[in-house]
Amino acid sequence: MAWRSQLSRNLKELRVLFCQKSPSSAPARSFVENNYKDLKTLNPKLPILIRECSGIEPQLWARYDMGVERGIRLEGLSEPQISKALEDLAKAGSSTKA
């Protein structure tokens, strides 16, 4: 889990979008509830934006240098799979710096 402390090196911004009530957004809501504090403690200057919108499908967006963005749909993913998706986005950010 060392990658969690490296998020602010590889990302400029992290956005999590989900519906407040939708069952398909439940794992995303759970991920935010269980991981936000840890991620923010390890990356205090990284903007982590939580966006709730009625009826939206859950998504995870990362913004890198030069305004490059990558998004992942989270519908159907479990909480550990969402964590892995975030890790993949973070690693993709380290490759954009090369």
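What joins the side chains of Arg15 and Glu13? In this predicted model, the link is a polar contact of 2.5 Å. The pair also counts as a salt bridge, with the closest N and O atoms 2.5 Å apart. Both partners are tucked away from solvent: Arg15 is buried, with a relative accessible area of 17%, and Glu13 is buried as well, at 13%.

Arg15 is a handy place to start looking around. This residue sits in strand β1, and its side chain makes a second polar contact, this time with the side chain of Glu69, at 3.1 Å. That one is a salt bridge too, with 3.1 Å between the closest N and O atoms of Glu69 and Arg15. Here the pair ties together distant parts of the chain, since Glu69 belongs to strand β4 and Arg15 to strand β1, 54 residues apart. Unlike the buried Arg15, Glu69 is partly exposed, with a relative accessible area of 38%. Zooming out a little, Glu13, Arg15, Arg63 and Glu69 are linked in a network of salt bridges.

The rest of the surroundings of Arg15 can be read from its contacts. Leaving aside neighbours within four places in sequence, Arg15 is in contact with Leu49, Gln59, Leu60, Trp61 and Glu69. As for Ala62, its C-alpha atom is 6.4 Å from that of Arg15, with the two positions 47 residues apart along the chain.

The count of salt bridges comes to 9. One of a more local kind pairs the side chains of Lys84 and Asp88, at 2.9 Å from N to O. Both residues lie in helix α3, 4 residues apart, or about one turn of the helix. Lys84 is partly exposed at 41% relative accessibility, and Asp88 is partly exposed with a relative accessible area of 36%.

Turning to the nonpolar side of things, nonpolar side chains tend to be buried together in soluble globular proteins. The largest nonpolar core in this model has 21 residues, and those with the most contacts inside it are Leu7, Leu11, Leu14, Leu39, Leu60, Tyr64 and Leu86. At least two residues of this core come from each of β1 (13–18), α2 (26–42), β3 and α3 (79–96). Helix α3 gives the most, with 5 residues. Leu11, for its part, touches Leu46, Ala62, Arg63, Tyr64, Leu89 and Ala90, not counting residues up to four places away in sequence.

Val68 has a different setting, in the loop between β3 (59–63) and β4 (69–73). Val68 counts as partly exposed because its relative accessibility is 40%, between the 20% limit for buried and the 50% limit for exposed. Beyond its neighbours within four places in sequence, Val68 is in contact with Ala62 and Arg63. The C-alpha atoms of Val68 and Leu11 are separated by 9.9 Å, and the two residues are 57 apart along the chain.

That leaves the cysteines. How many disulfides does the structure hold? The count is 0. The sulfur of Cys19 has its closest cysteine sulfur in Cys53, but at 7.7 Å that is too far for a bond, because a disulfide needs sulfur atoms within 2.5 Å. Seen from the other end, Cys53 likewise has Cys19 as the residue with the closest cysteine sulfur. Cys19 is buried, with a relative accessible area of 6%, whereas Cys53 is partly exposed at 41%.

Conventions:
Residues are numbered from 1 along each chain as its sequence is written. This is a predicted model: local features need pLDDT of at least 70, side-chain atom pairs count only at pLDDT 80 or more; totals for chains, interfaces and linings use all residues. Side-chain values use heavy atoms; hydrogens and water are left out. Buried means under 20% relative accessible area, exposed over 50%, partly exposed in between (1.4 Å probe, protein chains only). Contact means heavy atoms within 4.5 Å. A nonpolar core is a set of buried Ala, Val, Leu, Ile, Met, Phe, Trp, Tyr and Cys residues joined through side-chain atoms within 4.5 Å. A polar contact is a pair of N or O atoms within 3.5 Å; within protein, one must be able to donate a hydrogen and the other to accept it, and residues adjacent in sequence count only if both atoms are side-chain atoms. A salt bridge is a side-chain nitrogen of Lys or Arg within 4 Å of a carboxyl oxygen of Asp or Glu.
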